[in-house]
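Let's explore a protein model together through a few questions and answers. Keep the picture at hand as you read.

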Amino acid sequence: MNDITLIKEEIKEQEEDIFRLRGSMQRADNGVKLHRIAVRVRTVSRLKDILAVLENRRASA
């Protein structure tokens with residue numbers, strides 16, 4: 001597997017985790033889960049930025 005494939009797989013897993021967390025939110029633990037969601041959203045954003053750079057580098061090579 002190359003880096004692009006691995007990053008796409010990681011993005012997919014993180015987005016699935018975000019979806020599960022949003023689906024299981026209850027009033028008592030919203031603060032904790034909102035924090036976890038925020039961390040994962042930032043991670044996905046960084047991964048997408050890295051993926052774009054790698055794809056651009058690959059396209060220009």
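Q: Which residues does Leu51 touch, not counting residues up to four places away in sequence?
A: This is a predicted model, so every contact here is computed from predicted atom positions. Contact means heavy atoms within 4.5 Å. Leaving out residues up to four places away in sequence, Leu51 touches Ile4, Ile7, Lys8 and Ile11.

Q: How many residues make up the largest nonpolar core?
A: Leu51 belongs to this core, and so do Ile4, Ile7 and Ile11. The other members are Ile18, Leu21, Ile37, Val44, Leu47 and Leu54. Counted in all, the core has ten residues.

Q: Which elements give two or more residues to the largest nonpolar core?
A: The core includes Ile4 and Leu21 as well as Ile37 and Leu54. Looking at the elements that supply two or more of its residues, we find helix 1 (3-23) and helix 2 (30-60).

Q: What distance does helix 1 reach from its first C-alpha to its last?
A: Helix 1 has 21 residues. At 1.5 Å a residue, a span of 30 Å is expected, and the model comes close to that. From first C-alpha to last, helix 1 reaches 30 Å.

Q: How wide an arc do the buried residues of helix 1 cover around the axis?
A: The buried residues in helix 1 are Ile4, Ile7, Ile11, Gln14, Asp17, Ile18 and Leu21. Their arc is narrow enough to put them on the same side of helix 1. On the other side of helix 1, Lys12, Phe19 and Gly23 are exposed. The arc covered by the buried residues is only 150°.

Q: Which helix do the buried residues of helix 1 pack against?
A: Among these buried residues are Ile4, Ile7 and Ile11, and each of those three touches Leu51. The partner that the buried residues of helix 1 pack against is helix 2.

Q: Is Phe19 buried or exposed?
A: Phe19 lies in helix 1. Its C-alpha is 8.9 Å from that of Ile37, a residue 18 places away in sequence. A residue counts as exposed over 50% relative accessible area. Because its relative accessible area is 67%, Phe19 is exposed.

Q: How many residues apart in sequence are the parts that Glu15 and Lys48 tie together?
A: Side chains of opposite charge can pair when their charged atoms come close. Glu15 forms a salt bridge with Lys48, with the closest N and O atoms 3.2 Å apart. Glu15 lies in helix 1 and Lys48 in helix 2, so this pair ties together parts whose separation in sequence is 33 residues.

Q: Which residues are linked with Asp17 in a network of salt bridges?
A: Asp17 forms a salt bridge with Arg20, the closest N and O atoms being 3.3 Å apart. Both lie in helix 1, three residues apart, which is about one turn of the helix. Asp17 also forms a salt bridge with Arg40, where the closest N and O atoms are 2.3 Å apart, and this pair links helix 1 to helix 2. The residues linked with Asp17 in the network are therefore Arg20 and Arg40.

Q: Is Asp17 buried or exposed?
A: Buried means under 20% relative accessible area. Arg40, at 23% relative accessibility, counts as partly exposed. Asp17 has 18% relative accessibility, so this residue counts as buried.

Conventions
Residues are numbered from 1 along each chain as its sequence is written. This is a predicted model: local features need pLDDT of at least 70, side-chain atom pairs count only at pLDDT 80 or more; totals for chains, interfaces and linings use all residues. Side-chain values use heavy atoms; hydrogens and water are left out. A nonpolar core is a set of buried Ala, Val, Leu, Ile, Met, Phe, Trp, Tyr and Cys residues joined through side-chain atoms within 4.5 Å. Buried means under 20% relative accessible area, exposed over 50%, partly exposed in between (1.4 Å probe, protein chains only). Helices (H or I, at least four residues) and strands (E, at least two) are DSSP runs, numbered from the N terminus. A salt bridge is a side-chain nitrogen of Lys or Arg within 4 Å of a carboxyl oxygen of Asp or Glu. The expected span of a helix is 1.5 Å times one less than its number of residues. The arc is that of the directions from the helix axis to the C-beta atoms.
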